[in-house]
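Me: I should like to understand the terms used for this structure. Please set each one against its definition.

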Amino acid sequence: FIYGKTGQYQDFEDYIFGTYIRIKIASKVNPEKIAKAIFTEMRRLEEKYDPYREGSVLYNLNHSEDWVQVDDETLALVDLSLKLAKQTEGAFDPALGRLIDLWGFSKYSQRSESEFKVPEPREIKEAILLSGYQKITVDYLKKSVKTNGAWLDFGGMLKGYALKRAYQIAKEYDKNCHGFIEAGGQIMILGPKFGRANWIVGIRNPRGNTYDSISYVYLKEGSIATSGDYERYFEIDGVRYHHILDPQTGLPSRGAISVSVVSEDPILADALSTAGFVLGKDRWLYTRTLFPKLGAEVLLITPEMKILKTDNFSIYENPDR
Ligand code: ADP
Ligand code: MG
Ligand code: MG
């Protein structure tokens with residue numbers, strides 16, 4: 001969440017991607033018009049890339065055994081998702097749809113709290129065999145994609161892409177607008193506070209309530225995304241099963257409880273927060289060299305509540321103290 005007083009800004013809120021989208025904006029152009037255009041764009045993306053909605057682009061791709069022609073936007077997204085998968089050695093994997101659905105974490109599985117269950121090892125094994133980004137083939141000349149039995153699910157990067165589009169739309173209306181957009185655990189800065197100052201973003205204590213921050217990040221531009229095991233999960237016999245899956249085991253990843261990534265590029269921040277979560281504390285040395293090379297800084301909280309971070313990920317104390 002963003003810390004401090006923010007008068008002279010206007011606030012707008014909507015519920016998209018199964019989460020609250022909040023826009024705080026100051027602009028000489030009608031802010032309501034900008035906010036509406038952003039919400040409309042986000043809804044378009046939610047519908048288009050909802051893998052579990054009959055007739056959506058991803059639904060059609062996932063349920064076809066043959067090549068499917070796609071538009072330029074989809075081709076670019078598939079291409080980017082595969083690139084991110086390769087760059088992270090598969091920690092970020094856009095083709096885990098079957099596993100995500102098996103666990104009941106697709107928001108459209110309509111499973112209620114009490115209906116969650118841990119899948120049988122045999123089911124997980126079968127889903128793993130059918131999943132993975134290596135299954136996805138792309139024909140760039142024919143602008144076609146073939147999923148070969150795997151299911152695409154952009155849940156780990158779609159909010160990042162939506163924030164990128166939102167930023168572009170806001171700047172088309174008014175390149176001098178400022179404020180920020182928050183989409184369930186990720187923030188995109190539109191411009192410095194009051195046109196000059198830092199926004200102070202709290203990094204949530206993964207074992208505290210929403211407003212309990214372990215430290216703060218100062219941002220004038222760019223994006224910060226956090227993946228946490230507290231976002232979507234269920235508990236059975238004291239064990240927490242959450243929505244970020246290790247592609248190798250098919251189980252919720254255990255090497256971190258929260259990973260925050262700061263980057264100019266909101267898609268990178270989103271995808272890498274998911275990847276960093278999967279890589280976890282065991283592969284921290286790899287993460288801390290890889291992420292800055294890709295253009296991102298990272299902070300990881302281990303299950304023991306230890307904080308690991310790259311040197312350029314600057315954190316500050318509570319500004320009230
Ligand atoms: P949030 O949904 O809070 O933004 P993430 O950005 O980490 O959190 O995305 C988690 C979502 O990404 C899951 O709900 C699922 O749809 C998908 N997902 C789960 N595991 C992976 C993974 N290893 N790689 C890519 N996407 C994943
Ligand atoms: Mg993500
Ligand atoms: Mg995300």
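The turns below take up the sheet, its helices and the ligand shell.

Reply: This is a predicted model, in which local features need pLDDT of at least 70 and side-chain atom pairs count only at pLDDT 80 or more, while totals for chains, interfaces and linings use all residues. Residues are numbered from 1 along each chain as its sequence is written, and chains are lettered from A and ligands numbered from 1 in the order in which they are written.

Me: Why are β14 and β15 said to pair?

Reply: Two strands pair if DSSP finds at least two bridges between them; strands are DSSP runs of E of at least two residues, and helices are runs of H or I of at least four, numbered from the N terminus. β14 and β15 are joined by six bridges in the antiparallel sense, so the criterion is met. One of the partnerships sets V262 against E297 in β15.

Me: What makes β2 and β16 edge strands?

Reply: Each of them, β2 (10-16) and β16 (307-309), pairs on one side only. The open sheet has eight strands in the order β2-β3-β7-β8-β11-β14-β15-β16, with antiparallel pairing. β2 is joined to β3 (residues 19-26) by seven bridges, and β16 to β15 by three. L300 stands opposite L308 in β16.

Me: What makes β15 largely enclosed by the rest of the structure?

Reply: A residue is buried if 20 or more other C-beta atoms, placed from the backbone, lie within 10 Å of its own, exposed if 12 or fewer, and partly exposed in between. Six of the six residues of β15 are buried, so the strand is largely enclosed. A296, V298 and L300 point one way, and E297, L299 and I301 the other. In a regular strand, side chains alternate between the two faces of the sheet.

Me: Which strands does helix α6 touch as it packs on the sheet?

Reply: Contact requires C-beta atoms, placed from the backbone, within 7 Å. Helix α6 (residues 158-173) touches β7 (178-183), β8 (186-191) and β11 (223-228). Its direction makes about 15° with that of β8, where axes are lines fitted to C-alpha atoms, for helices over the stretch in contact, and angles run from 0 to 180 degrees between N-to-C directions.

Me: How do you know that ligand 1 lies between domain 1 and domain 2?

Reply: Domain 1 (2-45 + 174-309) and domain 2 (57-146) both give residues to the shell around ligand 1, so the ligand lies between them; the bounds come from an automatic or database domain assignment. The largest share of this shell, four residues, comes from α7.

Terms used:
Contact = placed C-beta atoms within 7 Å.
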